[in-house]
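Biologist: Got a minute to go through the ligand site with me? Pull the structure up first.

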Amino acid sequence: MTATETAVRTLDFFINGKWEHDASRALHPITNPATGEIIARVPYATAEDVDRTARAAHEAFLKWREVPVVDRVQVLYRYKALLDRHADEIARILSTENGKTLDDARGSVRRAIQMVEVSCGMPSLMMGYSLENVSKGIDCQTIRQPLGVCAGISPFNFPAMVPMWMIPFAIACGNSFILKPSEKVPLTPTRTAELLEEAGLPAGVYNLIQGDKAAVDALLHHPLVKAISFVGSSPVAKYIYVTAAAQGKRVQALGGAKNHLVVMPDADLEKSVEAIIGSAFGAAGERCLAGSVLVAVGKVSEPLLHVLLEKTRAMSVGDGLQPGTEMGPLVTADHRTRVMGYIEKGVEEGAHLLCDGRELALEREDGFFVGPTIFDGVQPGMTIAREEIFGPVLSVVRVETLDDAIRLVNGSRFGNTTSIFTGDGKAAREYASRIECGMVGVNVGVAAPMAFFPFSGWKQSFFGDLHAHGRDAVAFYTEQKVIMSRWF
Ligand code: NAD
């Protein structure tokens, strides 16, 4: 397919309160995945750009940390109001560069705004504690202080929400921040940065650079960067964790996933299938919480597959901006090729292809589409049962008992999320207790924690100890100090 160009915008970095345009930089195209059109061009930051940004952010931090937290959050209250006012515009930009449906994009912008709302509570969240007379005449208190310059590196699939797991928490705590978003979706973070500037944040407290591995490596090695928050695939998460920790930095690195949805024979089939379809095919499977393996327990397999196939075949796939679309395209042509490769691998390894998304890919040449795909007869050792596909491909594994299901799920090297569908409270309780995943859904297809709870992957889905958002974010972006006082 030849990409055509209309209204192509050139993006800039936002450093020390200024939008920096440098016409000499090489530019990289950004494509609308539903049409194949080039919609923007983005420059990539060099190590020198990162150094300049980190120095400016450090200077800004020295002043920002002195601003009382009650005043710091006033900026976030104004930011929230601006995000509310521009939510639909942001969702449209997001859908255009990422491909997800407008409704889905709106939902993710709403989640992003909730992060700002929760961060507005920082005067309470950041409180320490104290005890009078820990020894005769001696009082003890703990306080939380900001770290300095913090950096965030985010993935392509949630360009509004994932950076907000980091930015409002970090700056409300008194840090300055540098975001390096995914080079595939730079437009949404550009718009949300413009609004943060409009909210009146002092220059240098928030900085946006664009780029790839070179910019990331410069952040990982920069002595003024004190903490790294990463969200992306597991191999990169592990690399970030190891590299940044070796530099003495605080790190939280959220990785990829292979999520199992377990259906018990007593599950409500209609409601469960709706949730399963939303989980497996929503956002074209490009979610770290997407259901990817459907574990059918006992005699539920046949009726479950009957309802599932009927509803899946009725799905409308197309441009996410068009009303009525239930699933959009994949983010890039390369990613579509990768997902198609997994479907071919599933066929080669002997799984039964019940619904073949490659047919749609052949039909549609105007974007990066793959239709919803379902494999039955998948064995736990097959590639499609083990590896993260990050596309609309659902593998059905049939097992006999709940114990078999738990063994299968716990055998995965990932541990992001899982869900069980059942009418039996005892089975649900046992599953939630024994399963080795950080986030568990009971009759919920996408168990995404709200902003005031932590986002808690396990195993290869997370490297670090303090998770994203909620109280964990406050602990991550602050250092604790214990003060013992005696007055003569
Ligand atoms: P990715 O790992 O390719 O990229 C993520 C970020 O890392 C981007 O900003 C990218 O520029 C940078 N990067 C890529 N390769 C790098 C390298 N070799 N060295 C340094 N930096 C590098 O991920 P993606 O394709 O953008 O996003 C999809 C992945 O993110 C999936 O695996 C998904 O499961 C995961 N994800 C996880 C969560 C979670 O909460 N655990 C949330 C969203 C997405």
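Modeller: Here is a quick walk through the ligand and its surroundings.

Modeller: It's a predicted model, so to say: local features need pLDDT of at least 70, side-chain atom pairs count only at pLDDT 80 or more, and totals for chains, interfaces and linings use all residues. Residues are numbered from 1 along each chain as its sequence is written, and side-chain values use heavy atoms, with hydrogens and water left out.

Biologist: How many residues surround the ligand, and which are the closest?

Modeller: 28 surround it, counting a residue if one of its heavy atoms lies within 4 Å. The closest are K180, E183, S233, G255 and E388.

Biologist: What does the shell divide into?

Modeller: 15 nonpolar, 8 polar and 5 charged residues; Gly counts as polar here.

Biologist: Which ligand atom does S233 meet?

Modeller: An oxygen, 2.6 Å from a polar side-chain atom of S233; polar contacts are pairs of N or O atoms within 3.5 Å. G255 puts a backbone N or O atom 2.8 Å from a ligand nitrogen.

Biologist: And how much of the ligand gets buried?

Modeller: The protein buries 88% of the 830 Å² that the ligand exposes taken alone, by Shrake-Rupley with a 1.4 Å probe.

Biologist: Switching topic: why does the ligand lie between the domains?

Modeller: Because domain 1 (5–255 + 461–485) and domain 2 (259–442) both give residues to its shell; the bounds come from an automatic or database domain assignment.

Note on methods
A polar contact is a pair of N or O atoms within 3.5 Å; within protein, one must be able to donate a hydrogen and the other to accept it, and residues adjacent in sequence count only if both atoms are side-chain atoms.
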